[in-house]
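Please open the model in your viewer, and keep the sequence panel beside it while you read. Each stop below tells you what to select, and then what is there to be found.

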Amino acid sequence: MSHVKSTYKYLLVILIGISIFLLDYFELANRNGSEIILLVISLLKAGYFIYFVFRTIKETAHREFNFHEFMAFVVASILLVILSFAIDYYCLYRIDANAFAGLIPKQNIATEFISFFYYSISVFTTAGFGDIKPNSSSAQIFVSTELMIAFFFTILVIANIGHIRSSFAQRNNNN
């Protein structure tokens with residue numbers, strides 16, 4: 001549970017992304033400035049996520065962790081990455097409507113955001129259906145960053161399967 005509580009910093013970064021959207025939405029910043037700020041924050045967020053994962057591994061390296069704790073960490077981390085990149089994609093789209101190709105214009109913010117949430121899931125899972133594609137350099141950087149984080153996280157989970165299994169075996173032997 002402590003890992004879920006420690007994600008507040010990551011949620012703060014998501015709120016910063018939303019504030020960038022609001023700056024652009026109310027036209028309080030110019031297009032290029034908003035795009036650069038969004039790009040920098042997205043890259044910092046990716047760096048923080050990697051730091052957060054390594055810090056969590058270091059904190060749990062010298063103690064036994066249970067399956068529920070590990071799964072809470074995995075699920076919370078994946079959802080935060082997908083949600084935060086969906087917000088980034090949406091903000092970039094609001095800054096530059098040509099940043100993504102293949103989008104069907106929607107009537108409201110909620111339905112537009114759902115499209116980017118769907119897109120973020122397809123990028124994270126590497127399904128990449130091809131219906132929505134990055135159409136600008138900034139969009140390609142965002143997508144590449146999410147793909148690298150997804151790859152990193154997937155490898156991390158796969159690499160720890162053996163440790164999780166041995167944890168279960170050790171617990172069963174103690175009972």
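The tour starts with the whole chain, then moves to pairs of helices, aromatic rings and a few single residues.

**The whole chain**

Before selecting anything, bear in mind that this is a predicted model. Colour the chain by secondary structure, and you should be able to pick out 6 helices and 2 strands in the protein. If you follow the chain from the N terminus, the elements come in the order α-α-α-α-β-α-β-α. The protein has 175 residues, and buried residues make up 41% of them. Among the contacts with a separation of 6 or more, 78% are between residues 24 or more positions apart.

**Helices H3 and H4**

Now select residues 31–60, which are helix H3, and residues 67–95, which are helix H4. How do the axes of H3 and H4 cross? They come within 10 Å of each other and cross at roughly 170 degrees. Angles over 145 degrees count as roughly antiparallel, and H3 and H4 are therefore roughly antiparallel to each other. To see where the two helices meet, show side chains: on the H3 side the residues include Leu-38, Lys-45, Phe-49 and Phe-52, and on the H4 side they include Phe-73, Val-81, Phe-85 and Cys-91.

**Helices H4 and H5**

Keep H4 on screen and add helix H5, residues 109–124. The axes of H4 and H5 come within 8 Å and cross at roughly 125 degrees, which makes H4 oblique to H5. The crossing of these two helices, H4 and H5, is right-handed. Among the residues of H4 that meet H5 are Ile-78, Ala-86, Tyr-89 and Tyr-93, while those of H5 that meet H4 include Ile-109, Phe-113, Phe-117 and Ile-121.

**The aromatic rings**

Next, select Phe-85, Tyr-89, Tyr-90, Tyr-93, Phe-100, Phe-113, Phe-116, Phe-117 and Tyr-119 together, since these residues form one aromatic cluster. How many aromatic pairs are there? The count comes to 12 aromatic pairs. One of them joins Phe-100 and Phe-116, whose rings lie 5.3 Å apart, centre to centre, with 65 degrees between the planes, an edge-to-face arrangement. Phe-100 lies in strand S1 (residues 100–101) and Phe-116 in helix H5, so this pair ties together parts that are 16 residues apart in sequence. Are these two residues buried or exposed? Phe-100 is buried, with a relative accessible area of 5%, and Phe-116 also counts as buried, at 1% relative accessibility.

Stay with the cluster a little longer and centre the view on Phe-85, then add Lys-45. You will find that Lys-45 lies over the face of Phe-85, at 4.0 Å from the ring centre.

**Three buried residues**

For the next stop, select Ile-149, whose place is in helix H6 (residues 137–174). At 2% relative accessibility, Ile-149 counts as buried. Leaving aside residues up to four places away in sequence, Ile-149 touches Ala-46, Phe-49, Val-81 and Phe-85. If you check the C-alpha atoms of Ile-149 and Phe-49, you will find them separated by 8.2 Å, although the two residues are 100 residues apart along the chain.

Move on to Tyr-90, which is placed in helix H4 and counts as buried at 4% relative accessibility. The C-alpha atoms of Tyr-90 and Ile-109 are separated by 9.3 Å, and these two residues are 19 residues apart along the chain.

Beside Tyr-90 in the sequence panel, select Cys-91, which is also found in helix H4. Cys-91 counts as buried, with 2% relative accessibility. Drawn from C-alpha to C-alpha, the distance between Cys-91 and Ser-19 is 9.5 Å, with their positions 72 residues apart in sequence.

**Thr-126 in a loop**

For the last stop, select Thr-126, which lies in the loop between H5 and strand S2 (133–134). Is Thr-126 buried or exposed? Thr-126 is exposed, with a relative accessible area of 57%. Its backbone deserves a look as well: phi of Thr-126 is near 60 degrees, a positive value in a residue other than glycine. Most residues other than glycine have a negative phi.

Terms used. Residues are numbered from 1 along each chain as its sequence is written. This is a predicted model: local features need pLDDT of at least 70, side-chain atom pairs count only at pLDDT 80 or more; totals for chains, interfaces and linings use all residues. Side-chain values use heavy atoms; hydrogens and water are left out. Rings of Phe, Tyr and Trp (its six-membered ring) pair if their centres lie within 6.5 Å; planes under 30 degrees apart count as stacked, over 60 as edge-to-face and the rest as tilted. Helices (H or I, at least four residues) and strands (E, at least two) are DSSP runs, numbered from the N terminus. Buried means under 20% relative accessible area, exposed over 50%, partly exposed in between (1.4 Å probe, protein chains only). A charge sits over a ring if NZ of Lys or CZ of Arg is within 6 Å of the ring centre and within 35 degrees of the ring normal. Axes are lines fitted to C-alpha atoms, for helices over the stretch in contact, and angles run from 0 to 180 degrees between N-to-C directions. Angles under 35 degrees count as roughly parallel, over 145 as roughly antiparallel, 65 to 115 as roughly perpendicular and the rest as oblique. A crossing is left-handed if the near helix is turned anticlockwise from the far one by less than a right angle, and right-handed if clockwise. Contact means heavy atoms within 4.5 Å.
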